[in-house]
Amino acid sequence: MIPEKSSAKVEEYAFGGLVAVVGAFTLIDATTIAARADNAVGPRAFPYAVGALLIVTGVAAIVATARGRLGQAEEGEDVDTGVRTDWVTVAKLVAVLVAHLVLIDVVGWPVAATVLFFGAAWTLGAVWWRALPIAVVLALVVQVVFAYGLGLSLPAGIFEGVPFLDG
């Protein structure tokens, strides 16, 4: 029992340390993002927030481990090991992702993201007539938030020139 507990503690420390290191890398790398001075939020805000949260989370995991609060092994896992991987679903999701990557340059973000969101939802069992309008709205919201909220321009594609979609 003692070797297992010791091994679990090392793994918990390693996890916390890795998360903190990824957070530090994110903060350092975010400084290299070019931003206009006139933009209040800018493209660095999100990487700074994510990096800071990763560091806080990593340090919290290390502190919790030092206090003896280890994660539960196996009992916390909600996976049925007797079920085989559904490779058809995995292939469909990969195909949807590849289609998204190809379509971004051809038809722009709004259409490509709609294909991604709709295709993933439908593949995972969503009803198509509910998933499609949600995918359209989600893609358009992301386009507008990036264009006006962050001042970043996602490719508008076929919507080039539409004022609220063309950042």
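Two residues are in contact when they have heavy atoms within 4.5 Å of each other. With that in hand, the structure can be described from the whole chain down to single residues. The model is a predicted one.

**The chain as a whole**

The chain has 167 residues, and buried residues make up 23% of them. It holds 5 helices and 0 strands, so that the pattern read along the sequence is α-α-α-α-α. Among contacts with a separation of 6 or more, 55% are between residues 24 or more positions apart. The exposed area of the chain is about 11,500 Å², and carbon and sulfur atoms supply 70% of that area.

**Helices α3 and α4**

Two packed helices are described by the angle between their axes and the distance between the axes. Helix α3 covers residues 87–107, and helix α4 covers residues 109–123. Their axes come within 7 Å and cross at roughly 170 degrees. Angles over 145 degrees count as roughly antiparallel, and α3 and α4 are therefore roughly antiparallel to each other. On the α3 side, the residues that make the contact include Leu93, Val96, Leu97, His100, Leu103 and Ile104. On the α4 side, they include Trp109, Ala112, Ala113, Val115, Leu116 and Ala120.

Histidine 100 belongs to helix α3. Is histidine 100 buried or exposed? Buried means under 20% relative accessible area, and histidine 100, at 5% relative accessibility, therefore counts as buried. Apart from neighbours within four places in sequence, histidine 100 is in contact with Trp109, Ala112, Ala113 and Leu116. These four residues are also listed among the α4 residues that make the contact with α3. The C-alpha atoms of histidine 100 and alanine 113 are separated by 6.5 Å, while the two residues are 13 residues apart along the chain.

Helix α3 also carries valine 106. With a relative accessibility of 58%, valine 106 counts as exposed, because the cut-off for exposed is over 50%. Valine 106 is one of the residues of a nonpolar surface patch of about 580 Å². The other residues that make this patch are Trp87, Val90, Val94, Val98 and Val102.

**Helix α5 and the segment after it**

Glutamine 143 is placed in helix α5, which covers residues 128–149. At 1% relative accessibility, glutamine 143 counts as buried. Which residues does glutamine 143 touch, not counting residues up to four places away in sequence? They are Trp109, Pro110, Leu154, Pro155, Ala156 and Leu165. Trp109 is also in contact with histidine 100.

Leucine 152 lies in the segment after α5. At 28% relative accessibility, leucine 152 counts as partly exposed. Leaving out residues up to four places away in sequence, leucine 152 touches Pro43, Phe146 and Ala147.

**Residues in α1 and α2**

Helix α1 covers residues 2–30 and includes valine 10. Valine 10 counts as exposed, at 53% relative accessibility. Helix α2 covers residues 45–66, and alanine 45 lies in it. Alanine 45 counts as partly exposed, at 30% relative accessibility.

**Separation in sequence and in space**

The table sets the separation of some residue pairs along the chain beside the distance between their C-alpha atoms.

| Residue pair | Apart along the chain | C-alpha to C-alpha distance |
|---|---|---|
| Valine 10 and threonine 65 | 55 residues | 9.0 Å |
| Alanine 45 and alanine 30 | 15 residues | 8.6 Å |
| Leucine 152 and glycine 42 | 110 residues | 8.1 Å |
| Histidine 100 and alanine 113 | 13 residues | 6.5 Å |

The pair of leucine 152 and glycine 42 links back to the segment after α5, where leucine 152 lies. The pair of valine 10 and threonine 65 includes a residue of helix α1, valine 10.

Key: Residues are numbered from 1 along each chain as its sequence is written. This is a predicted model: local features need pLDDT of at least 70, side-chain atom pairs count only at pLDDT 80 or more; totals for chains, interfaces and linings use all residues. Side-chain values use heavy atoms; hydrogens and water are left out. Patches are made of residues with over 30% relative accessible area and no salt bridge: like charges are joined within 9 Å, nonpolar side chains (Val, Leu, Ile, Met, Phe, Trp, Tyr) within 5 Å. Accessible areas come from the Shrake-Rupley method with a 1.4 Å probe; for residues, only the protein chains shown count as cover. A salt bridge is a side-chain nitrogen of Lys or Arg within 4 Å of a carboxyl oxygen of Asp or Glu. Helices (H or I, at least four residues) and strands (E, at least two) are DSSP runs, numbered from the N terminus. Buried means under 20% relative accessible area, exposed over 50%, partly exposed in between (1.4 Å probe, protein chains only). Axes are lines fitted to C-alpha atoms, for helices over the stretch in contact, and angles run from 0 to 180 degrees between N-to-C directions. Angles under 35 degrees count as roughly parallel, over 145 as roughly antiparallel, 65 to 115 as roughly perpendicular and the rest as oblique.
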